[in-house]
Amino acid sequence: MSIFIDQTTRLVVQGITGRDGSFHAKNMMYYGTKVVAGVTPGKGGQRFENAVPVFNTVAEAVHVTQANTAVIYVPAAAAASAIFEAADAGLGLIVCITEGIPVLDMTRVLPYVHERGARLIGPNCPGLISPGKSKVGIIPGNICEPGTIGVVSRSGTLTYEIIHQLSTNGLGQSTCVGIGGDPLIGTNFIHCLTAFDADPDTAAMVMIGEIGGTDEQQAAEFVKERVKKPVVGFIAGQTAPPGRRMGHAGAIISGSSGTAAEKMTALANAGISVMKRPADVVPLLKERL
Amino acid sequence: MNLHEYQARDILRRHGIPVPPGEVASTPAEARAIAERFGGKVVVKAQVHAGGRGKAGGVKLAKTAAEAETHAKAILGMTIKSLTVQKVLIAPAAEIATESYVGIIVDRASQRPVLMVSPAGGIDIEEVAAKTPDKIHQLAIDPRYGLLPHQALALGFTLYSDVKQVRAAADIMQKLYTAVYAVGASLAEINPLVTTPDGTVQALDAKIAIDDNELERRPEIAALRDVSAEAPAEVAAREAGLTFIKLEGNVGCCVNGAGLAMATMDLVKYYGGEPANFLDIGGSSNPQKVVAALRIITGDPNVKSILFNIFGGITRGDDVANGIVQATQAFPLKVPIVIRLTGTNEKEGIGILERAGFAALSDMDEAVKQAVAKAKGKAA
C-alpha cells in the first residue's frame, strides 16, 4: 500500500506552465504519476506536452478531469491563494512545494483547508513519493526503491540522503513524505506516523526532524502511547547556535526551546532508536525489524 | 529580520498605541541636542538587536543634556553580545508606577497568533515563564475574527483593577494585533507596558521581529533593515542568494539544503572537528554561486579546510563539478577542499573533479573525516 498517494492519485499541477511547474510536471509524468490537469490562469485551453489539458481555474480542472490531488509550484506571492483555491475546489490532498509563504498567511490558510476536510502537505516541502506508484513533488524517483519503510521528514536533501542509505542497503520505502521546513505546516509527524502505523505495507518508520518547535517532542509522546511499529529518528542541528534561523523558517531555537538535545531525549524516552548520524539509519532499523 | 527599538516604537505609535516621544542619535553631540530639545531628564538607550542592554550598561538616565552627551559617548561604540552600538535612542525619562508585559507571537503548536500578558513586566518574559508561569495569561487568537473586545478586556483585568486602565490596555492589545498583521511581524512585544503616577498607560519599550517571508511584499518594511547591524559575510551571502551563519570552527562547509547543511555540521563535530559555518547554497550548480560561497567561506581566517556536500536531485553532479572547477579557476583556494557528490550523474561529476585534481568522493562520512583531518593538517 502506501499512505496519502498511490496509483489512484489523479493530479492537477497548479503553475504547470511556469519554469518549476513545467520541469517537475514532466518528471512526475515520466515517473508514472497520473497527471490529469494543469492550471495557469490565462492559459486555459492549452495542452501541456501535448497530453495534459491546462485550465484557468482549479475548479474547472477538477470538474472536467476528476483530479483528486493538487501540487502547487506557484511563486510565494501567489501560493497561499493557490492553496485556498485548491481547498475551495474540493480537493482531498494539496501539496505545496513553494518556499517563502508569509507565516501570517498560513494562520488563515490552515483553518480554511481544515474546515473543507482537505489535507495540506507543506508548504516549503519536496512533496511525497510512494515508490513505484506515484510521486507528487520533487523527490528524485531514481533514489527510491519500493519497500516497507515509511519516511517522514522536515528536510529536502537530508531526506534524500537517508532514502539513499535505505535504498542502497535493501530497505525500500512504502512512502516518503516531506512535511516541510516552515513553522506552520499542514501535516505534521503525528499525522504521518498515524497513517504509517495503519498502513499494512509499512513495517517501520524513520522520522527526520530538526531544531525549532515541539513537533518531534509531541510525536515522541504519541509514539510512546499509540504507535506499535518500530520508529527510528534523527534530529539535525545539534551544532546549531540558539536564536539563529538555520535556513528553514522553522529551524530556530527560541530561548532554550526546540534544541536538538531536547528532541533527541524525548525520542529516546519514547523508545525511538535515535540516530547520531545519517548512516546510522540502516543498522538501527535492522536491529528493530 | 530584527527591528531596532526606535523602529518598533514608531510602528506602534503609527498604529495608535501611546508611545512616548523619542529620537535617535548617532553621535554624542546629536544626543545632547535632542536632550536639550526635550528638556528635563532623558534616558539614553543603546539600539542593538540584543536583550540585556540595561545589564550591559547600555541604558542610562541623564539629568542634563551634558550628561546625555556623556552617556551617549560611553554607549556608542560599546559592544553588547558582540554587537556594536551605532545608534542611541534619547527619550524623556518617564515616571513609572507599574510595569507589565504584552506580547504577540505566532505559536507553532496552536498554529495561531498568541497574545501573552503578564503583570510581571520589565523582566525577560522567558524568565517569568520559567519561574512564575502562573503570572502569564495567554490567549490564542482566531485570525478569522481577530482579537475580540471582550477577550482583550478580560486580559486587561489581569493587569489592572482600575477600569480606565483596563480599557486602555485592552485598546493597546487590539492595536498591537492589528500592527502585527499590518507589518508582517513574527513577534511584537511591549515590555514594559507602564502606568505613570497620573494613571496613563504607555508603551515604554517595544520589540518587533519581521517574518523574512514578508519582506518581498512589504518593501517599506524591508527598507528598515539595518545592514550595519549585520555581519558583512551574512549580508554578502543574502545578496548572493545563499544562507550563511558564521560559527567558531575551522572546517568550512558548503551544502545544498538546510537540513543536510545542519546534518553536515553535526557530522563534522561527530568526527572530532569544528564547523566554521552553516552555508546553504540551495539547488543551483551555477558557478557564480559557488564563487560567492567560496569567497564568503574563505573570508573567515579560521577556515583550514573546506567541505562541499552536494546531494544532486534535480541538480546534476556533472553540473556541480563543472561549477566548482570553474569557480576555483576564478577564485583559487589556499586551503584544501574535499568534495562529496552524490545523486544524479554522480560518477560523471566525481570524474570531472578528480581529473581537475580534487579529492572527490560519494560517501558523506568519508568526506567529513577527510575534511576534518585536513583541517588538522593531517592525512585522513
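Let me start with a small detail in chain A: in the hairpin of β8(A) and β9(A), where three residues lie between the strands, Gly132(A) takes a positive phi near 85°. Before going on, I should say that this is a predicted model, in which local features need pLDDT of at least 70 and side-chain atom pairs count only at pLDDT 80 or more, while totals for chains, interfaces and linings use all residues. Residues are numbered from 1 along each chain as its sequence is written, chains are lettered from A and ligands numbered from 1 in the order in which they are written, and side-chain values use heavy atoms, with hydrogens and water left out.

Helices (H or I, at least four residues) and strands (E, at least two) are DSSP runs, numbered from the N terminus, and two strands pair if DSSP finds at least two bridges between them. Back at the hairpin, strand β8 (residues 127–130) of chain A and strand β9 (residues 134–137) of chain A run antiparallel and are joined by four bridges, with Lys135(A) in β9(A) as the bridge partner of Ile129(A).

Chain A also has an open sheet of seven strands with mixed pairing, in the order β3-β4-β2-β1-β5-β6-β7. At its edges stand β3 (47–48) and β7 (119–121) of chain A, each with a single partner strand, so one side of each is left without a neighbour in the sheet. Within this chain, strand β2 (residues 34–39) and strand β4 (residues 52–55) pair in the parallel sense over two bridges, and Gly38(A) stands opposite Val54(A) in β4(A).

Now to two helices of chain A. The axes of α3 (residues 76–88) and α4 (residues 103–115) of chain A come within 10 Å and cross at roughly 10°; axes here are lines fitted to C-alpha atoms, for helices over the stretch in contact, and angles run from 0 to 180 degrees between N-to-C directions. That makes α3(A) roughly parallel to α4(A), a term for angles under 35 degrees. Among the residues that meet, with contact meaning heavy atoms within 4.5 Å, are Ile83(A) and Phe84(A) in α3(A) and Val109(A) and Tyr112(A) in α4(A).

Turning to chain B, we find four strands forming an open sheet in the order β1-β6-β2-β3, with antiparallel pairing. Its edge strands are β1 (23–25) and β3 (59–62) of chain B, each of which pairs on one side only. Strand β2 (residues 42–46) and strand β6 (residues 88–92) of chain B pair in the antiparallel sense over five bridges, and Leu89(B) in β6(B) is the bridge partner of Lys45(B). Helix α2 (residues 28–38) of chain B lies across β1, β2 and β6 of that chain, running at about 155° to β1(B), whereas helix α3 (residues 65–75) of chain B lies across β2, β3 and β6, running at about 165° to β3(B).

How, finally, do the two chains meet? In the model, 56 residues of chain A are in contact with 45 residues of chain B. The chains bury about 3,900 Å² between them, 60% of it on carbon and sulfur atoms, where buried area is the accessible area (1.4 Å probe) that two parts lose on being put together, summed over both. Six salt bridges are counted between chain A and chain B, a salt bridge being a side-chain nitrogen of Lys or Arg within 4 Å of a carboxyl oxygen of Asp or Glu. The side chains of Arg144(B) and Glu115(A) meet in a salt bridge at 2.1 Å, N to O.

Notes: Parallel < 35°, antiparallel > 145°, perpendicular 65-115°, else oblique.
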